Amino acid sequence: MPITADFHMHSSHSGDSSTPMEQMIQQAIQTGMTQMCFTEHQDFDYPSSDEIPADYFLLNTDAYLYDLIRLRQKYEDKIRIFFGVELGLQPHLAEKHERYVDSFDFDFVIGSSHVCHDQDPYYPSFYAERSEEEAYREYFEYILENIRSFHNFDVYGHLDYVVRYGPSQDKYYTYDRYRDIFDAILELLLELGKGLELNTGGLKYGLSQPNPCLAILKRYRRMGGDIITIGSDAHRPEQIGYAFVRAAEVLKECGFSHYTTFQNRRPKYHRL
């Protein structure tokens, strides 16, 4: 396997996973991973509902770190385990996120958008009473607002996450339709020295391409972007390293000769 580092995964320390960390580690070893990074969810001010309590995506970071250190020592001769977090960004949380990130010695921080104007695009209500294109555009514009408000992260995760859950997913979705906003996002990320994540999770949800789509990845590369991490977005053991052979093919097709990992918030490059 050309890619042996999965830098986006969750365990039972995240609200939407029930898998113990040790099971994820054991599966990663069996899958042939040499490095892995847990990126547990930390979504402050996630909109609650009858099904989802307000603290569903709040991370007990001390408990998470305790388990990670213990298991890192146990498996140190088999795999390298890194300490990461996936922040659910919202502009009004910028100062809170800044304090939070500065409170821990993370190896890797993903900035993601799981909420857009108090709604999670996972739910059909986000697309109600408007076109899919309007909903997608609002989500992408919100990403730009997030990056302008807060940029103490290393890569932006699953940039076009919204298409996983749209009424027609990526059937009619193209980079060209949102070129103006995507180019603004990529220009700002490059100006700030931030990277992108190639997330294979979208393929599990039936998309024809990973998140983000190939056109965005190609555009990022042509603009000079070279920080590109690979993550399965695994929440269960069998999802670790999902479609990584395809991910390597995508990277080469988009002009990359390498992928990126992080340690102590510093990028390291690995040839494909």
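Me: What makes strand S1 (residues 5-6) and S2 count as a pair?

Reply: In this predicted model, S1 and S2 are joined over 2 bridges in the parallel sense. Pairing requires at least two bridges between the strands, so the 2 bridges of S1 and S2 meet the requirement. Within S2, Met36 is the bridge partner of Asp6.

Me: How do you know that S2 and strand S3 (residues 80-88) pair as well?

Reply: S2 and S3 are connected over 8 bridges, again in the parallel sense. Because at least two bridges are needed, the 8 found here qualify S2 and S3 as a pair. Thr39 stands opposite Gly84 of S3, and the bridge partner of Met36 in S3 is Ile81.

Me: Which helices take part in the β-α-β units that involve S2?

Reply: One right-handed β-α-β unit consists of S1, helix H1 (residues 21-31) and S2. Another right-handed unit is made by S2, helix H2 (residues 61-74) and S3.

Me: Why is S2 called mostly covered?

Reply: Of the 8 residues in S2 (residues 35-42), 8 are buried. Burial is the state under 20% relative accessible area, so the 8 buried residues of S2 each fall under that limit. Both faces of the strand are covered: Gln35, Cys37, Thr39 and His41 lie on one side, with Met36, Phe38, Glu40 and Gln42 on the other. S3 is likewise mostly covered, with 8 of its 9 residues buried.

Me: How is S3 joined to strand S4 (residues 108-112)?

Reply: S3 and S4 run parallel and are joined by 5 bridges. Since pairing asks for at least two bridges, the 5 bridges are sufficient. In S4, Gly111 is the bridge partner of Leu87. The chain passes from S3 through H3 to S4 in a right-handed β-α-β crossover.

Me: Why do S1 and strand S7 (228-231) count as edge strands?

Reply: The open sheet has 7 strands in the order S1-S2-S3-S4-S5-S6-S7, with parallel pairing. S1 and S7 each have a single partner strand, so one side of each is left without a neighbour in the sheet. S7 runs parallel to strand S6 (residues 195-199), to which it is joined by 4 bridges. Asn199 stands opposite Gly231 in S7.

Me: Which residues touch the most other members of the largest nonpolar core?

Reply: Phe38, Phe140 and Leu196 do, in a core of 85 residues. Helix H4 (residues 132-149) gives the most to this core, with 8 residues. Not counting residues up to four places away in sequence, Leu196 touches a set of residues including Val155, Leu159, Leu189, Ile216 and Ile228.

Me: Why is the aromatic pair of Tyr136 and Tyr178 called tilted?

Reply: A search of the whole structure finds 31 aromatic pairs. For Tyr136 and Tyr178 the centres are 6.4 Å apart and the planes stand at 50°. The limits are 6.5 Å for the centres, under 30 degrees for stacked and over 60 for edge-to-face, so 6.4 Å admits the pair and 50° makes it tilted. Tyr136 is in helix H4 and Tyr178 in the loop between strand S5 (155-156) and helix H5 (179-192), so the pair ties together parts that are 42 residues apart in sequence. Both tyrosines are buried.

Me: What makes the pair of Tyr165 and Tyr205 edge-to-face?

Reply: The planes of Tyr165 and Tyr205 meet at 75°, with the ring centres 5.5 Å apart. An angle over 60 degrees is required, so 75° places the pair in the edge-to-face class. This pair links distant parts of the chain: Tyr165 belongs to the loop between S5 and H5, and Tyr205 to the loop between helix H6 (201-204) and helix H7 (214-222), 40 residues apart.

Me: Is Tyr165 buried or exposed, and how is Tyr205 classed?

Reply: Tyr165 has a relative accessible area of 16%, which is under 20%, so Tyr165 is buried. Tyr205 reaches 40%, which lies between the limits of 20% and 50%, so Tyr205 is partly exposed.

Me: Why is Arg99 classed as exposed?

Reply: Arg99, in helix H3 (residues 94-102), has 53% relative accessibility. Exposure begins over 50%, so Arg99 qualifies.

Me: How do you know that the charge of Arg130 sits over the ring of Phe126?

Reply: The charged end of Arg130 is 4.6 Å from the ring centre of Phe126. The distance has to be within 6 Å, and the charge within 35 degrees of the ring normal; 4.6 Å satisfies the distance condition. Lys194 lies over the face of Phe153 at 5.8 Å from the ring centre, also within 6 Å.

Terms used. Residues numbered from 1 in each chain as written. Predicted model: local features only at pLDDT ≥ 70, side-chain atom pairs only at ≥ 80, totals over all residues. Heavy atoms only, no water. Buried < 20%, exposed > 50% of the residue type's maximum accessible area, 1.4 Å probe, protein only. Right-handed = clockwise from strand over helix to strand, strands pointing away. Core = buried A, V, L, I, M, F, W, Y, C linked by side-chain atoms within 4.5 Å. Contact = heavy atoms within 4.5 Å. Phe/Tyr/Trp six-rings, centres within 6.5 Å; stacked < 30°, edge-to-face > 60°.
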